[in-house]
Amino acid sequence: MILITVILGVVFYFNIQNNDEEILLEDGSSKKGSNLDLPNNPNEGITNSEKPTEGIATYIGMDIKNLEGNLGQPNRVDQTYYGFDWWIYNSDPANYSQIGVKNGKVVTVYAIGSDVNISPFKIGQHVDEIFSSSYVETEIGLDFEGSSYQFELSESDLNTRPLLKMGSIFVQLYIDKFTATLSSIRVMDAETLLKLRPYELVYFGELQEIDPDEMAPDEKVEDSNEKQIYDITNIMRMRFGLDTLQWDEKTASVAYGHSKDMEESNTFSHTSEKFGELTDRLKAGEVFYQVAGENIAANYADAPAVMEGWLNSKGHRESLLNEEFTHIGVGVYKKYYTQNFIQAWEE
């Protein structure tokens with residue numbers, strides 16, 4: 001089995017002092033798979049209900065005319081590497097959702113807004129209530145275009161991002177392990193799940209690959225991920241009664257430069273051989289601040305995935321939810337992600 005590791009890192013600078021760097025390794029994020037013999041019936045034992053009859057799950061397969069009738073025009077359209085576009089609905093944080101559209105049809109939905117109808121679940125719902133009514137398995141199987149696939153969830157996956165099969169759709173629940181509540185939800189059709197491959201995978205037949213012609217240009221996807229990270233960061237902060245962060249373009253430029261430097265140097269660190277520590281990079285970028293912090297990550301599929309990863313890591317969570325910060329800059333280069341936080345300097 002070929003694994004691409006998802007990694008996280010965080011660093012804080014308080015009054016220009018560097019705390020110890022925390023580097024985290026997140027398990028269970030395979031982007032490839034092993035061609036192995038699967039059970040005759042990979043779906044055996046799944047007892048979850050059929051596809052919900054209300055809420056965002058009903059959008060899967062919906063055409064864009066009906067989608068617009070339900071939600072109106074999106075506030076913007078973001079591009080991805082996976083053959084679909086995100087229609088972003090962000091005018092009301094409590095109803096924030098991202099609707100994945102491909103060939104005029106909805107193929108996936110991500111929702112984190114507290115008022116979004118995600119029936120039979122609810123944002124903020126306690127895990128005890130979720131697991132008492134939903135059967136969570138370590139193996140989820142499906143057949144697609146003549147091949148059989150089986151996703152294998154680790155213990156960490158089950159605790160923080162379990163996957164449920166509900167009729168013909170797949171529901172990924174992002175759990176905030178610090179509050180034991182549902183943070184957000186992602187609903188997908190089979191093809192989208194196989195392209196994202198968020199868990200270890202074994203298969204029999206042909207492995208689904210992304211057509212290069214379906215992949216948006218890097219710069220378009222990077223810009224989209226930066227905007228989504230900014231949106232979701234502020235939704236997470238509002239959830240805990242914190243002030244939203246203002247976007248700072250100079251800080252964003254510093255963050256982008258660090259993501260690009262990590263990718264090009266094939267390193268993962270808050271310290272750059274070329275550009276130094278965060279303090280050095282902020283100084284070079286003419287960013288003036290009183291307190292600063294940095295989150296980094298690599299190999300996550302997209303903005304929602306990396307944001308939930310940061311939220312579930314103590315050090316990264318502390319930066320996301322730090323009440324001292326006033327501004328943020330986000331920089332994404334390919335699949336390297338950097339958040340730089342600052343408390344702006346006051347005259």
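In the predicted model, Gln 172 has Arg 186, a residue of strand 13, as its bridge partner. This pairing belongs to the contact between strand 12 (residues 169-176) and strand 13 (residues 181-188), which are joined in the antiparallel sense over seven bridges. In general, the strands of a sheet pair through backbone hydrogen bonds, and the pairing may be either parallel or antiparallel. Helix 8 (residues 303-311) packs on the sheet, where it touches strand 7, strand 8, strand 12 and strand 13, and its direction makes about 160° with that of strand 13.

Strands 12 and 13 are part of an open sheet of seven strands, arranged in the order 5-6-7-8-13-12-11 with antiparallel pairing. At the edges stand strand 5 (76-79) and strand 11 (163-166), each of which pairs on one side only, and from one strand to the next the twist averages 25°. Helix 5 (residues 218-239) lies across strand 5, strand 6 (85-89), strand 7 (97-102), strand 8 (105-111) and strand 13, and runs at about 120° to strand 5.

At the end of the sheet that begins with strand 5, the pairing can be followed residue by residue. Strand 5 and strand 6 run antiparallel and are joined by four bridges; they form a hairpin with five residues between them, and in the turn Gly 83 has a positive phi of about 90°. Strand 6 in turn runs antiparallel to strand 7, with five bridges between the two. Trp 87 of strand 6 stands opposite Val 77, and Trp 87 also stands opposite Ile 99 in strand 7. Four of the five residues of strand 6 are buried, so that this strand is mostly covered.

Salt bridges were examined next, and a search of the whole structure finds 15 of them. One of these again involves Arg 186, whose side chain meets that of Asp 302 in a salt bridge with an N to O distance of 2.9 Å. Because Asp 302 lies in the loop between strand 16 and helix 8 while Arg 186 lies in strand 13, the pair ties together parts that are 116 residues apart in sequence. Both Asp 302 and Arg 186 are buried.

A second salt bridge joins Asp 176 to Arg 317, with the closest N and O atoms 3.0 Å apart. This pair links distant parts of the chain, since Asp 176 is in strand 12 and Arg 317 is in helix 9 (residues 314-320), 141 residues apart. Both residues, Asp 176 and Arg 317, are buried; for Asp 176 the relative accessibility is 1%, and this residue therefore counts as buried under the 20% cut-off. When its neighbours within four places in sequence are left aside, Asp 176 is in contact with Thr 181, Ser 183, Phe 240, Leu 311, Asn 312 and Arg 317.

A third salt bridge is formed by Lys 102 and Glu 191, whose closest N and O atoms are 3.3 Å apart. Here too distant parts of the chain are linked, with Lys 102 in strand 7 and Glu 191 in helix 4 (residues 190-196), 89 residues apart. Lys 102 is buried, having a relative accessible area of 14%, whereas Glu 191, at 26% relative accessibility, counts as partly exposed. The two residues belong to a network of salt bridges that links Lys 102, Glu 191, Lys 195 and Glu 214.

Away from this sheet, helix 6 (residues 249-265) has 17 residues and reaches 24 Å from its first C-alpha to its last, close to the 24 Å expected at 1.5 Å a residue. Its buried residues are Thr 251, Ala 252, Val 254, Ala 255, His 258, Ser 259, Asp 261 and Met 262. An α-helix has 3.6 residues a turn, so residues three or four places apart point the same way. The cover over the buried residues of helix 6 includes strand 15 (246-247), helix 7 (278-284), strand 16 (289-298), strand 17 (327-333) and strand 18 (336-344). Helix 6 is followed by Asn 266, which has a positive phi, near 55°.

For the chain as a whole, nine helices and 18 strands are found, and buried residues make up 56% of the 347 residues. Among the contacts with a separation of 6 or more, 67% are accounted for by residues 24 or more positions apart.

Key
Residues numbered from 1 in each chain as written. Predicted model: local features only at pLDDT ≥ 70, side-chain atom pairs only at ≥ 80, totals over all residues. Heavy atoms only, no water. Pairing = 2+ DSSP bridges. Axes fitted to C-alpha atoms, helices over the stretch in contact; angles between N-to-C directions. Contact = heavy atoms within 4.5 Å. Buried < 20%, exposed > 50% of the residue type's maximum accessible area, 1.4 Å probe, protein only. Expected span 1.5 Å × (residues − 1). Salt bridge = Lys/Arg side-chain N within 4 Å of Asp/Glu carboxyl O.
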